[in-house]
Amino acid sequence: MNWRSILPITVLFVALSPGNAVSQQASDIEGVKAASRAFYAAVVVVDDGAAMEKVWAQTPYVTYVGPRSTAIIVGWEAQKKYWIEFNKPFAQRTVALVDAHVHIVGNLAWEIGAESGLAQMKDGSSRKVDWLVTNVYEKIDGRWLTVSHHVQPKPQ
């Protein structure tokens, strides 16, 4: 056996070793958590949707369901229009993800938890943010991006 036949076997052994899978899983968990932090940093920005554009996959299959949604928003182009309109009545927002649980399978990950915060409206009123949430992320070109966000009011 020469080095040319040993090298591919060695690479395959290292790639499939349990230790490498654990380190890859830990790396992906940190990547998903970073994507989540970026999402929540963007969701509080009251702009024309530019902040959200940085954290969402720009694909035709992304989905969004908000706490007062009457329909599912599908595709990045529809969502881009949504964020422009959605942000108009807000003066500022604070939103934090609490009690989050992350799970990863391959290039897909989801987190479930609760959103908590406060929305200040331009008319001077305020609204409590107290939702249950599921976020789905996809690893695209090595980067975890949001592909679905679904929130609903907590049952009272």
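**Fold, sheet and core of a predicted model**

Of the 156 residues of the protein, 33% count as buried. The model discussed here is predicted.

Q: How many helices and strands are there in the protein, and what pattern do they follow along the sequence?
A: The protein contains four helices and six strands. Read along the sequence, these elements follow the pattern α-α-α-β-β-α-β-β-β-β.

Q: In which order do the six strands form the open sheet, and which are the edge strands?
A: The six strands are arranged as S2-S1-S6-S5-S4-S3, and their pairing is mixed. A strand at the edge pairs on one side only, and this applies to strand S2 (73-74) and strand S3 (90-105). The edge strands are therefore S2 and S3.

Q: In which sense, parallel or antiparallel, does S6 pair with S1 and with S5?
A: Strand S6 (residues 143-153) pairs with strand S1 (residues 63-65) over three bridges, in the parallel sense. With strand S5 (residues 126-140), S6 has ten bridges, and there the sense is antiparallel. The answer is thus parallel for S1 and antiparallel for S5.

Q: Which residues in S6 stand opposite Val65 and Leu132?
A: The bridge partner of Val65 in S6 is His150. Opposite Leu132, the residue in S6 is Gln152.

Q: Which residue in the turn between S5 and S6 has a positive phi?
A: S5 and S6 form a hairpin, with two residues between them. In this turn, a positive phi of about 50 degrees belongs to Asp141.

Q: Which helix gives the most to the largest nonpolar core?
A: The largest nonpolar core has 27 residues, and those that touch the most other members are Phe39, Val43, Met52, Trp56, Tyr137 and Trp144. At least two residues each come from helix H2 (18-43), helix H3 (50-53), helix H4 (76-87), S3, S5 and S6. With six residues, the element that gives the most to this core is H2.

Q: Which residues does Met52 touch, not counting residues up to four places away in sequence?
A: Met52 is one of the core residues that touch the most other members. In soluble globular proteins, nonpolar side chains tend to be buried together. Beyond four places in sequence, the residues that Met52 touches are Phe39, Ala42, Val43, Trp76 and Trp83.

Q: Why does Asp28 count as buried, and with which residues is Asp28 in contact?
A: Asp28 has its place in helix H2. The cut-off for a buried residue is under 20% relative accessible area, and Asp28 counts as buried because its relative accessibility is 7%. Leaving aside neighbours within four places in sequence, Asp28 is in contact with Ile104, Lys139 and Trp144.

Q: Where does Pro89 lie, and why does Pro89 count as partly exposed?
A: Pro89 lies in the loop between H4 and S3. Partly exposed covers the range between the 20% and 50% cut-offs. Pro89 therefore counts as partly exposed, with a relative accessibility of 38%.

Q: How many Å apart, C-alpha to C-alpha, are Pro89 and Gln120?
A: Pro89 touches Met121 and Lys122, when residues up to four places away in sequence are not counted. Pro89 and Gln120 are 31 residues apart in sequence, and their C-alpha to C-alpha distance is 8.9 Å.

How values were computed
Residues are numbered from 1 along each chain as its sequence is written. This is a predicted model: local features need pLDDT of at least 70, side-chain atom pairs count only at pLDDT 80 or more; totals for chains, interfaces and linings use all residues. Side-chain values use heavy atoms; hydrogens and water are left out. Buried means under 20% relative accessible area, exposed over 50%, partly exposed in between (1.4 Å probe, protein chains only). A nonpolar core is a set of buried Ala, Val, Leu, Ile, Met, Phe, Trp, Tyr and Cys residues joined through side-chain atoms within 4.5 Å. Contact means heavy atoms within 4.5 Å.
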